[in-house]
Amino acid sequence: MANIKDIAKLAGVSVATVSRALKKPDMVKKATRDVVSAAIAELSYKPNALASGLRRQKSDSIVVIVPFIQNPFYSGIVQGIENIAHAHGYKVLLGESQNNQKRLDSYAEMVMTKQADGLILLGAMLPTYMKNDLEENQTPSIPVVMACEYFDGFDIPNVRIDNVEAATAATNHLIALGHRRIAKITGPVSNPLSKDRLKGYKAALKKAKIKLDSSLIATGEFSVHSGYKAMTTLLNEAPDMTAVFCSNDEMALGAMKAIKERRLRVAKDISVIGFDNVWFAEYTDPPLTTICQPHVEIGETTMKLMLDISNNGPKLPQKIILPHQLIRRSSTASVT
């Protein structure tokens with residue numbers, strides 16, 4: 001079986017040049033790339049995808065970055081991305097940023113060095129090079145699409161729901177059940193989606209002429225534990241609340257635990273509504289009322305947009321808003 005040394009010998013170049021031509025073709029002259037590509041074809045070097053990618057300047061791979069891989073919210077979106085990618089002969093490379101800038105930058109470098117054709121971001125962080133480009137009013141040098149998220153101040157192609165409208169609908173559901181002391185557990189204050197969901201909550205209260213009370217607002221981190229901690233704080237500071245709107249289902253799960261530990265009943269004493277409709281929402285006790293995001297459709301639409309940008313070149317930034325749905329379950333009830 002041929003190896004990289006055989007290719008270098010046949011092409012009359014160094015092993016380093018062959019390696020560079022495969023991994024960073026932009027750093028190699030076209031004439032040299034053509035010679036290396038011909039040697040790869042003649043020797044039937046495996047995997048042939050490398051030779052094909054060298055000729056076409058494409059890898060047929062997309063890098064998808066999630067902040068934390070254990071978060072169940074992302075699984076349906078990744079499934080949707082994979083559905084469309086597989087149908088079009090693309091591979092999905094999944095990475096976890098852990099909200100760490102260096103980790104995110106290392107994945108973005110794969111696209112910059114042509115090891116992948118585009119970057120899909122499921123978190124609210126941007127690669128350093130991209131922020132620099134956008135701050136200088138330049139178009140990002142690689143195809144990038146954000147799924148569910150967007151980045152304040154930068155017009156990057158993205159696919160999501162209208163979070164303000166969805167949060168308004170969630171709060172209106174509680175108001176319609178007669179609740180007036182409605183608490184709110186937000187996500188991180190810097191996150192655009194957290195801001196939008198808080199904005200929707202406030203808008204619904206204002207329209208219903210319910211005075212905003214800051215003691216009814218607590219901050220979480222989109223995790224079960226942070227929801228538990230935030231709800232514990234609310235129970236101490238605003239024990240007269242009758243309902244709580246959590247900015248995601250994981251925090252709602254933590255909030256329900258805190259309520260039960262106080263020997264209070266979910267729905268009968270304090271109604272709980274979440275956001276996302278992750279897989280466990282219908283299996284909580286009681287089943288969780290929540291806002292459903294169309295996870296798989298978001299993923300599929302994101303990948304279709306990525307393919308369009310990757311194959312047809314950069315276009316004007318696109319924003320695609322998909323519909324949400326209020327899923328009524330038994331964690332919310334009328335005020336007794």
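Here is a short walk through the cores, one helix and some salt bridges of this structure. It's a predicted model, so local features need pLDDT of at least 70 and side-chain atom pairs pLDDT 80 or more, while totals for chains, interfaces and linings use all residues. Residues are numbered from 1 along each chain as its sequence is written, and side-chain values use heavy atoms, leaving out hydrogens and water.

Let's start inside. A nonpolar core here is a set of buried Ala, Val, Leu, Ile, Met, Phe, Trp, Tyr and Cys residues joined through side-chain atoms within 4.5 Å; buried means under 20% relative accessible area, exposed over 50%, and partly exposed in between (1.4 Å probe, protein chains only). The largest such core has 41 residues, and Ile185, Met231, Val244 and Val272 touch the most other members. Helix 11 (249-261) is among the elements giving it two or more residues, and in fact gives the most, six. Helices (H or I, at least four residues) and strands (E, at least two) are DSSP runs, numbered from the N terminus. Apart from this core lies another, of 26 residues, including Val64 and Ile298.

Ile298 is also one of the buried residues of helix 12. Right after helix 12, Gly313 takes a positive phi of about 90°.

Now for the charges: there are six salt bridges, each a side-chain nitrogen of Lys or Arg within 4 Å of a carboxyl oxygen of Asp or Glu. Asp213 pairs with Arg181, with closest N and O atoms 2.8 Å apart. They sit in two loops, so the pair ties together parts 32 residues apart in sequence. Within helix 11, Lys257 and Glu261 are four residues apart, about one turn, and they form a salt bridge at 3.0 Å, N to O.
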